[in-house]
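Me: Could you walk me through this protein model? I would like to start inside and then go to the surface.

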Amino acid sequence: MADAAVVGSGPNGLAAAVTLARAGLDVVLLERNDTLGGGARTLELTLPGFRHDLGAAVHPMGLASSFFRAFQLSERIRFAVPEISYTHPLGSGRAGVAYRDLLRTAEDLGADGPAWRRLFGPLVAHVNGLSDFTASQLLRVPHDPITAVRFGLRVLEQGSPVGDVRFAGDVAPAMLSGVMAHSIGRMPSLASAGAGLVLATHAHARGWPIPRGGTQSIIDAMRDDFLAHGGRIETGVDVADSRDVRAPIRLFDVSAQALARIAEAELPRSYVRTLQRFRYGDGIAKVDFALDGPVPWLNEATRRTGTVHLGGTATSIRLAEADVAAGRIPARPYVLVAQPTVLDDSRAPAGKHVLWAYVHVPKGSTFDPTEQVTATIEEEAPGFRDLVLASHAITARDLPSWSPNFVGGDISSGALSMLQMVKRPVLSTVPWRTPARGMYLASSSTPPATGVHGLSGYYAARAALHDTFRSPPPALGIDA
């Protein structure tokens, strides 16, 4: 029998497995699929030679995550960090451009530049304090309380109907709405403002990098380290009952809903009911394209970035998100576009490109987004349709086939509301710990929620090591 078992091999499960193996434990990693990574895999979905990321393609947390920094991820794989983190086209070749350089971004915004600089300058200057506060559970004293207060005041402003008051034009509010919409939900809200401000700060602090070879390279780096420290991997294992996982320490990279189902016999009824009441948000419908060439964006800067937000003005995006929240498919959707081959030519044959895009849809929707996404991109890049060699779409209803944690198409494994950022899934200073001895929840249903950062798994493993051995977490660096 192993000392520890980890169920699920997404970024959080692998982070947990790496941490426990480096602590000297005999660890087995159990995965239901034949390959590791869950929603963080990179596969040929359209045509041979075209490699598509199932989930996130661009990784702000790849450089910002304290786990990945300790793990020295940027020294294990190659990241391409673009000069432009994201753009927000607004028709006729006009676009908001978020350069990694905050001052250049402000200059590009003209009259609204000083307001943008005042909004983000203090957060960018103290990005480590911001990461400490936002990339863990919130029921604790932050290491940098001044930055936490500054962030909180900005969330209150931007999460309210008066958030646009600081700006005179339409470009800066659109740019903010584009990053806030990553959270999926009605806008403005405190949750969307918090998520958007964090993402936008990282856009100017460390950038929004793309891993060469796809997100799979992050998974492979953690897998290799886990195996190098004695870990064992078993694929094709679908755990239906937690009692079948025999180890003194058990960590589950599964949704709160799944843990309630598979561990019901071991958990107190009150805790199971709490897990069952955990809410899931609306979903995404995604389409991947194999392209015959680069996207002919009207805006020149948009041809040079990995991330593009489409959806028009801040008002248009808010209306689209309100439609989704009301159970409707928006006529003019918010579209999140990733074009990794602008920065990484290893994903497609020479001269060809891949493009990844999704729209927000009601949870469990069967809507196929292919035509809607194609038409929206075509508005800002005439001729795009003619470049499409093949496409592959997946609906919100079917997204759990890639990762069961994406309940109903919710890629955050739980709605991103202020309540559920504090109570995720329970109100506790150690929310990764369950009432069952030696059992921990290590998925995005725990803090710090969504994103490829490994932190939920790392925090769960850290809690397990403290509870069992009263030992600190191990060193994670390459030479450790």
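**A buried alanine and beyond**

Reply: This is a predicted model, and in it Ala-320 counts as buried because its relative accessible area is 2%, which is under the 20% cut-off for that word.

Me: Ok, and which helix is Ala-320 found in?

Reply: Ala-320 belongs to helix H14, which covers residues 314-325.

Me: What does Ala-320 touch, not counting residues up to four places away in sequence?

Reply: With those set aside, Ala-320 touches Pro-330, Arg-332, Pro-333 and Tyr-334. For Tyr-334, which lies 14 residues from Ala-320 along the chain, the C-alpha atoms of the two are separated by 6.5 Å.

Me: Switching topic, how many residues are in the largest nonpolar core?

Reply: The largest nonpolar core has 50 residues, and those with the most contacts inside it are Tyr-86, Trp-116, Phe-120, Phe-151 and Leu-176. Several elements give two or more residues to this core, among them helix H6 (113-125), helix H10 (190-205) and strand E14 (353-361), while the largest share, seven residues, comes from H9.

Me: And what is Leu-176 in contact with, further along the sequence than four places?

Reply: Leaving out neighbours within four places, Leu-176 is in contact with Trp-116, Leu-119, Phe-120, Gln-158, Phe-167 and Leu-197. There is also a second, separate core of 45 residues, which includes Leu-36, Phe-67, Ala-135 and Ala-464.

Me: Now the outside: which residues make the nonpolar surface patch?

Reply: Val-149, Leu-153, Leu-156, Leu-190 and Met-418 make a nonpolar surface patch of about 450 Å². Helix H8 (residues 145-158) gives the largest share of this patch, three residues, and Val-149 is found in helix H8.

Notes:
Residues numbered from 1 in each chain as written. Predicted model: local features only at pLDDT ≥ 70, side-chain atom pairs only at ≥ 80, totals over all residues. Heavy atoms only, no water. Patch = residues over 30% accessible without salt bridge, like charges linked within 9 Å, V, L, I, M, F, W, Y side chains within 5 Å. Areas by Shrake-Rupley, 256 points an atom, 1.4 Å probe, with all protein chains shown as cover. Salt bridge = Lys/Arg side-chain N within 4 Å of Asp/Glu carboxyl O. Helix = DSSP H or I, 4+ residues; strand = E, 2+ residues; numbered from the N terminus. Core = buried A, V, L, I, M, F, W, Y, C linked by side-chain atoms within 4.5 Å. Buried < 20%, exposed > 50% of the residue type's maximum accessible area, 1.4 Å probe, protein only. Contact = heavy atoms within 4.5 Å.
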